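Reader: I would like to go through the reasoning behind some of the labels attached to this structure. Please set each value against its criterion before you conclude.

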Amino acid sequence: MQVRTPLTVITGPLGSGKTTLLRHILNTVSSKIAILMNEFGEIAIDSKIIAGKNVEMADLGGGCVCCSLLGEFEAAVEEIINTVDPDYIVVETTGVAEPDALVFDIQESLPKVRLDGVVTVIDADAMVKYPSVGHTTRLQIEGADTILLNKVDLVSESELKAIEEKLHSFNEVASILHTQRGQVDTDLLFGIARERVEKPPHHVHQPEFESFSYTSEATFNPECFEGFADSLETEVYRAKGFIQFDSGTYLFNFVAGRWDLERFEQEGTELVFIGKQLSNRKEEIISQLKTCEQ
């Protein structure tokens, strides 16, 4: 009898910390892990972040796992099992994916894998700033076996309790783990052995977000760029990528008005901006960026 490869789905809203969690997993788990990523945006920022970690990875590019890429997803999983034979497969979905269709497809169309569990990453700070839970985020919470309530250091104890009550109102059975920067005991993520049967999805996915990318060979003035990051308005919900200063290149992460920079070995500037009705502000944002070029 063939041993099926356990597969874990990591999902969650834009900027919740999914890629940070992946980096933590790759740095701490000694088993052979294959990563399947589905990105939102023209540049594969996330796959560049985790490249070079001695892990086999298939990048599905743009789009939405829960809809247009199911066939390609099946082929990618098949190829990984046949060529890499990993101990675990971890699928990181785009932040705008509704995971129910993906879970159904795994259970129905991939006999070589066993769905081990769905891990949903939730940004505690964003839940306070944006308390209205959208349709996609609600599905991500409802479909979870484990919820990682990330960035708990940015909210108060009373806010944390209110967030947990809201999460439990959507999902009574999932365990909730508090994390900062995705730091969690990875033994709690694997071996969940999900037993639930997913019903065929009936939703029609309507993308809520738009994205555009920006690249440059120039170096940027740090003070000017920091002012630019501070000025990003509510239309930009998520921005990520690499920004090059004279002192080196930094990984830029912007989520819901909060941002940080982290030194990173990468050449050139590559940025992706994600938000609602973003096409209306694309030219203005690019113009502001260009003023920071040296």
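Author: Let us begin with a definition: a salt bridge is a side-chain nitrogen of Lys or Arg within 4 Å of a carboxyl oxygen of Asp or Glu. The model discussed here is predicted, and the structure holds 9 salt bridges by that criterion.

Reader: What makes the contact between Lys151 and Asp123 a salt bridge?

Author: The N to O distance between the side chains of Lys151 and Asp123 is 3.0 Å, and the cut-off is 4 Å, so the pair qualifies. Lys151 lies in the loop between strand S6 (146–150) and helix H7 (157–170), whereas Asp123 belongs to strand S5 (residues 113–123), so the bridge ties together parts that are 28 residues apart in sequence. Both Lys151 and Asp123 are buried.

Reader: Why is Asp125 called buried, and why is Lys129 called partly exposed?

Author: Asp125 has a relative accessibility of 9%, and buried means under 20%, so the label follows. Lys129 has a relative accessibility of 41%, which lies between 20% and 50%, and therefore counts as partly exposed. The side chains of these residues, Asp125 and Lys129, meet in a salt bridge at 3.3 Å, N to O, and both lie in helix H5 (residues 124–129), 4 residues apart, about one turn of the helix.

Reader: How do you know that Glu262 and Arg181 form a salt bridge, and which parts of the chain does the pair tie together?

Author: The closest N and O atoms of Glu262 and Arg181 are 3.8 Å apart, which is within the 4 Å limit, so the pair is counted. Glu262 lies in strand S11 (residues 258–263) and Arg181 in the loop between strand S7 (175–178) and strand S8 (210–216), so parts that are 81 residues apart in sequence are tied together. Glu262 is partly exposed at 27% relative accessibility, and Arg181 is partly exposed at 48%. Salt bridges with shared partners join Arg23, Arg181, Asp260 and Glu262 into one network.

Reader: Turning to the rings, why is the pair of Phe225 and Phe245 called edge-to-face?

Author: Aromatic rings pair if their centres lie within 6.5 Å, and planes over 60 degrees apart count as edge-to-face. The count by this rule comes to 10 aromatic pairs. For Phe225 and Phe245 the centres are 6.0 Å apart and the planes stand at 65 degrees, so both conditions are met. The pair links distant parts of the chain, with Phe225 in helix H8 (residues 222–231) and Phe245 in strand S9 (residues 236–245), 20 residues apart. Phe225 and Phe245 are both buried.

Reader: What makes the pair of Phe252 and Trp259 tilted?

Author: The ring centres of Phe252 and Trp259 are 6.2 Å apart, and the angle between the planes is 55 degrees, which falls between 30 and 60 degrees, so the pair is tilted. Phe252 is buried at a relative accessible area of 0%, whereas Trp259 is partly exposed at 23%. Phe252 and Trp259 belong to one aromatic cluster, whose members include Phe225, Phe245 and Tyr250.

Reader: How do you know that the buried residues of helix H9 line one face?

Author: In helix H9 (residues 282–290), Ile285, Ile286 and Leu289 are buried. Seen down the axis of H9, the buried residues fall within an arc of 95 degrees, so they line one face of the helix. What covers the buried residues of H9 includes S8, H8, S9 and strand S12 (269–275).

Key
Residues numbered from 1 in each chain as written. Predicted model: local features only at pLDDT ≥ 70, side-chain atom pairs only at ≥ 80, totals over all residues. Heavy atoms only, no water. Helix = DSSP H or I, 4+ residues; strand = E, 2+ residues; numbered from the N terminus. Buried < 20%, exposed > 50% of the residue type's maximum accessible area, 1.4 Å probe, protein only. Arc of directions from axis to C-beta. Contact = heavy atoms within 4.5 Å.
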